[in-house]
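Here is a short briefing on how two protein chains meet each other and two DNA strands. Keep the structure open while you read.

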Number of protein chains: 2
Amino acid sequence: MPKQSGTKAAVTTADRVWTVAAQLFREKGYHATTTRELAERLQITRASLYYYVDKKEDLLYGICVESLRRVSTAVDAALSDVVGPTERIRTLVCCHVVSMLTDIDMHATMLLDLHHLTGDQLREVVKARDAYQATVDGVIADAQSAGALRSSFSPKVASLALLNLMNWTITWYRPGGPLKPQQFAEVITDIYLNGASVPSELVDPTVCRPVAR
Amino acid sequence: MPKQSGTKAAVTTADRVWTVAAQLFREKGYHATTTRELAERLQITRASLYYYVDKKEDLLYGICVESLRRVSTAVDAALSDVVGPTERIRTLVCCHVVSMLTDIDMHATMLLDLHHLTGDQLREVVKARDAYQATVDGVIADAQSAGALRSSFSPKVASLALLNLMNWTITWYRPGGPLKPQQFAEVITDIYLNGASVPSELVDPTVCRPVAR
DNA sequence: GTCTATAAAGAGATAGAC
DNA sequence: GTCTATCTCTTTATAGAC
């Protein structure tokens, strides 16, 4: 996958190959996307497409690698100067969700189609994904050790629950809608940490109790 | 999709077609699964497979319809005699998650491959899915109206967060592991309602504060 | 209900010219 | 860098015998 140019140079075909592939892979899934469709959307022939990649699977591989590189880099950088265990969770969720929803084609492809890779490419990407998830596990386990998270569940389960809360979003989120990535990140952080229910001592029964019958 | 026999009759090929198709669809995805592999795993020829279904897409359609029928029926039945808003959320989550993780091949196929349907079959299944999600939305909105859930987020966002927490599980859960469906359902209900963090007034600083340096 | 045989279309990928 | 032309393999699906 080519580096994204920092200058305001024109978008080259070499760049578009990757973004358009990610678009199609998210829309239709990796296997249902044909090189014919991809070439058509790029306005080049199939043969020209093979000037940029050796094989279709290289597109999926490149997208997965770049997806994991971006989210890992962003999260690591954001966490580097945050010390409080709860604040580290907030930072992690915000960074992960904003990254995922900003480059949603790329990340949805990684999350949902990664398992279609084969051989060494599969092994390498799975390793990178596991390394990233170990970061998430670490933030949660540290928060639990520090007494910021409850200990009525294992750290692994607490981490899986957080990944659930973050990752399923890519199956329904539509950029351009009213809900901005950061807003949603704040809501799920709030729910994950504090829960969605009204704290019982704050309930005022004379106001909130539902009408009987 | 054939009705599941209530008696202890032998498992027929007509039944196995559906369970084995769901297995393969979850393992490899709908498009990556070939009728050759399916026939091979069923120990019949491809031609014989077409005695049971008219086309490959009918398998996906039947699996999606049955998945939604089962989870809707189970949840509706369980909710029918539960009145408390919080208890209705507990019941919903438990029922949804236990159903999903028990028949995981079927439900994972529905959740992840539903969009590969086309035409009327797609429209019908999407309608059934939206009807089920309206049930979830209703339980959440009612709880919020009753004052059991906080109002700092919209009911739709609260419902989406809950679906996140429940549905991503099918991407990583492996039946037979140490974590039982009901246990995990209880954990995510707890986190959704009460949050994962330690309630601040219960923190004992002399015990829980992390060691400095 | 299951088979052999085959049709018909769609897929990934390459050769070699410009 | 992009093209035309083509190869080769895979895929879904059907016809018709047993």
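## DNA strand D

Of the 18 residues around DNA strand D, those that come nearest are Thr45(A), Ser48(A), Tyr51(A), Tyr52(A) and Arg36(B). Sugar and phosphate make up 58% of the strand D atoms that come within 4 Å of the protein. This is a predicted model.

**Phosphate contacts on strand D**

- Tyr52(A) has a side-chain N or O atom 2.4 Å from a phosphate oxygen of DNA strand D.
- Ser48(A) places a polar side-chain atom 2.8 Å from a phosphate oxygen of this strand.
- Chain B takes part through Thr35(B), with a side-chain N or O atom 2.9 Å from a phosphate oxygen of DNA strand D.

**Elements and residue classes at strand D**

- Two or more residues each come from helix H3 (46-52) of chain A, and from helix H2 (35-42) and helix H3 (46-52) of chain B.
- H3(A) gives the largest share of the surface near DNA strand D, five residues.
- By class, this surface has six nonpolar, six polar and six charged residues.

## DNA strand C

**Surroundings**

- DNA strand C is surrounded by 18 residues, and the closest are Arg46(A), Lys56(A), Thr45(B), Ser48(B) and Tyr52(B).
- Sugar or phosphate holds 57% of the strand C atoms within 4 Å of the protein, and bases hold the rest.

**Phosphate contacts on strand C**

- From chain A, Thr35(A) has a polar side-chain atom 2.9 Å from a phosphate oxygen of DNA strand C.
- From chain B, Thr45(B) uses a polar backbone atom, 2.7 Å from a phosphate oxygen of the strand.
- Ser48(B) uses a side-chain N or O atom, also with a phosphate oxygen of DNA strand C at 2.7 Å.

**Elements and residue classes at strand C**

- Helix H2 (35-42) and H3 of chain A, together with H3 of chain B, each supply at least two residues of the surface near DNA strand C.
- The largest share, five residues, comes from H3(B).
- The class count near DNA strand C is six nonpolar, six polar and six charged residues.

## Chain A against chain B

**Extent**

- Chain A brings 42 residues to the contact and chain B brings 43 residues.
- The two chains bury about 3,700 Å² between them, with 65% of it on carbon and sulfur atoms.
- Arg150(A), Asn164(A) and Trp168(A) supply 20% of the area that chain A buries against chain B, more than any other three residues.

**Polar links**

- The rule finds two salt bridges across the interface of chain A and chain B.
- One of them joins the side chains of Arg150(B) and Asp190(A), at 2.9 Å from N to O.
- Across the interface of chain A and chain B, 22 residue pairs are in polar contact.

**Makeup of the chain A side**

- Helix H1 (13-28), helix H6 (104-113), helix H8 (155-167) and helix H9 (181-194) of chain A each give two or more residues to the side that touches chain B.
- H9(A) supplies the largest share of that side, eight residues.
- By class, the side of chain A that touches chain B has 26 nonpolar, 11 polar and five charged residues.

## Symmetry

- A turn of 180° and a shift of 0.0 Å along the axis lay chain A on chain B with an RMSD of 0.0 Å.
- The two copies are therefore related as by a two-fold rotation axis.
- Gly195(A) comes closest to the rotation axis among the residues of chain A, with its C-alpha at 1.8 Å.
- 100% of the interface residues of chain A are also interface residues in chain B, so the copies meet through the same surface.

Technical notes: Residues are numbered from 1 along each chain as its sequence is written. Chains are lettered from A and ligands numbered from 1 in the order in which they are written. This is a predicted model: local features need pLDDT of at least 70, side-chain atom pairs count only at pLDDT 80 or more; totals for chains, interfaces and linings use all residues. Side-chain values use heavy atoms; hydrogens and water are left out. Contact means heavy atoms within 4.5 Å. Buried area is the accessible area (1.4 Å probe) that two parts lose on being put together, summed over both. A salt bridge is a side-chain nitrogen of Lys or Arg within 4 Å of a carboxyl oxygen of Asp or Glu. A polar contact is a pair of N or O atoms within 3.5 Å; within protein, one must be able to donate a hydrogen and the other to accept it, and residues adjacent in sequence count only if both atoms are side-chain atoms. Helices (H or I, at least four residues) and strands (E, at least two) are DSSP runs, numbered from the N terminus. Ala, Val, Leu, Ile, Met, Phe, Trp, Tyr, Cys and Pro count as nonpolar, Asp, Glu, Lys and Arg as charged, and the others, Gly among them, as polar. A residue is near a molecule or strand if one of its heavy atoms lies within 4 Å of it. Copies are superposed by least squares on the C-alpha atoms of residues with pLDDT of at least 70 in both.
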